[in-house]
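Me: I'm new to this one and I'd like to know what stands behind the labels people put on it. Can we go through them one at a time?

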Amino acid sequence: MRSMRTALALGRRSLARGFSTEVSPREMQLLQQVSRLEARIHEMEQDRPPANRPAKIDKWEDLAFGIVPTNGHVRYTWSGKTNSWDVGRFIADPYIPLHVHAAVLHYGMCLFEGCKAFRCKDGKIRVCNLDENSARMNTGADRLVLPQVPRQLFNEAVDWAVRANAEYVPPYGSGGSMYIRPFLIGSGPILGLQPCPETTFMVSVTPVGNYFGKGMPGIHATIMDQFDRAAPKGTGAVKAGGNYAADLLPLKLAKEEGFGTTLYLDCVENRYVEEFSVSNFIGINSEGAYVTPRTSSILPSITNKMLMQIARDKGLDVQERQVEWSEVASFREVGACGTATVAVPIASVTDQNKKHEFGNFEVLNSLRDTLQGIQYGELDDPHGWMREVEC
Ligand code: PLP
Ligand code: COI
């Protein structure tokens with residue numbers, strides 16, 4: 001076992017030339033194989049059964065939005081000493097050894113992304129709009145003073161995680177997709193508040209179904225006016241883990257009252273619509289225009305950007321602007337959009353005791369059908385959003 005390990009380590013070292021020089025696809029493949037073998041050997045050396053028991057899925061149609069054990073995840077480490085990323089590893093064990101003073105545990109140095117891979121009509125696996133996720137993660141990295149993840153590394157990592165778990169991309173026609181979770185954490189130990197000496201970038205994947213469950217006709221939302229989600233100069237526009245922790249109590253209270261999600265208004269005047277708990281707000285107003293808020297405290301949703309483009313392609317007037325809560329009552333349709341939620345109808349929004357109901361969802365449904373048609377390879381991809389992952 002030990003000699004095998006040494007041979008692998010030597011192989012890895014001779015292949016590992018970092019991302020500063022070009023790594024050929026063949027070298028990358030070999031490196032990935034070496035990493036997988038290393039992960040297995042590591043488990044065997046521990047003299048314990050594999051920590052990870054990949055799931056066997058019989059009913060793809062019944063998938064929920066939850067964690068399904070897969071073959072493993074991809075992990076890269078950045079060191080402040082060398083100011084560079086290593087070549088990464090594929091790791092079967094879903095647990096991470098962390099220093100008790102790891103920055104992420106105390107100071108919330110954490111960013112995450114959400115993207116998806118689809119099994120398309122032609123049987124190929126494609127990922128959607130990754131460059132946008134990579135760019136958004138780097139905006140967040142600057143905001144939280146974490147190192148940027150080079151776009152090439154981000155793409156390699158996602159492809160590696162998808163390829164090594166290809167059997168977990170739900171079959172075409174099942175309605176499911178593979179949810180991809182790239183995330184960046186301050187893993188090095190610090191005590192005083194300062195940039196972190198070590199950062200870890202990981203990509204894990206899990207097959208998913210609908211975020212709100214099967215056959216959900218529409219979600220009932222409530223405005224949580226006793227809470228704010230994000231401040232104009234805060235971290236609302238980046239995907240920082242702490243933003244989600246702040247929404248947990250409002251969400252819990254909303255759910256206790258029978259609502260499916262929370263909607264936030266701006267925290268200065270409580271007058272303008274911001275966004276839902278985990279999705280952007282879209283409205284179709286009385287003139288049939290696509291209206292969505294633009295502020296510095298909401299997450300720039302990649303799904304929203306694609307839906308706006310599809311709406312323009314269909315000849316709709318698209319308005320990205322401040323949206324007064326008072327005008328929403330006259331909207332024909334309201335929806336929530338995001339990677340996980342796609343474009344879900346909002347059946348009602350309750351403001352204190354007043355319930356505003358929305359129906360029909362003709363426009364929203366047609367925009368969602370077009371987006372999903374592109375994602376599953378049923379429709380042309382005129383804007384080049386989809387990229388094949390060779391498996
Ligand atoms: N807004 C919030 C707060 C979110 O968590 C998400 C989910 O990612 C979105 C909007 C939608 O963004 P995207 O379409 O890029 O997934
Ligand atoms: C996504 O839609 O990708 C998100 O990150 C939301 C998350 C809470 C599942």
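Reply: Sure, here come the labels, each set against its definition. This is a predicted model, where local features need pLDDT of at least 70, side-chain atom pairs count only at pLDDT 80 or more, and totals for chains, interfaces and linings use all residues. Residues are numbered from 1 along each chain as its sequence is written, while chains are lettered from A and ligands numbered from 1 in the order in which they are written.

Me: What makes the protein as compact as a globular protein of its length?

Reply: The globule rule is 2.2 Å times the number of residues to the power 0.38, and the radius of gyration is taken over C-alpha atoms. For 391 residues the rule gives 21 Å and the protein has 22 Å, which is close, so the label fits.

Me: Why is Asn-129 called buried?

Reply: Buried means that 20 or more other C-beta atoms lie within 10 Å of the residue's own; 12 or fewer makes it exposed, anything in between partly exposed, with C-beta atoms placed from the backbone. Asn-129 has 20 other C-beta atoms within 10 Å, so it is buried. Of the 391 residues of the protein, 41% count as buried.

Me: And why does Gln-352 count as exposed?

Reply: Gln-352 has 8 C-beta neighbours inside 10 Å, so it counts as exposed. Gln-352 sits in the loop between strand E16 (342-351) and strand E17 (354-357); strands are DSSP runs of E, at least two residues, and helices are runs of H or I, at least four, numbered from the N terminus.

Me: What is unusual about phi in these residues?

Reply: Most residues other than glycine have a negative phi. Asn-129 has a positive phi of about 55°, and phi of Gln-352 is near 50°, also positive.

Me: How do you know which residues surround ligand 1?

Reply: A residue is near a molecule if its C-beta atom, placed from the backbone, lies within 6 Å of it. Those around ligand 1 include Gly-114, Glu-275 and Asn-304. Helix H7 (residues 302-313) gives the most, with three residues.

Me: What makes two domains touch?

Reply: Domain bounds come from an automatic or database domain assignment, which here includes domain 2 (60-208) and domain 3 (219-375). Two residues are in contact if their C-beta atoms, placed from the backbone, lie within 7 Å. By that test, 20 residues of domain 2 are in contact with 12 residues of domain 3. On the domain 2 side, helix H4 brings the largest share, six residues.
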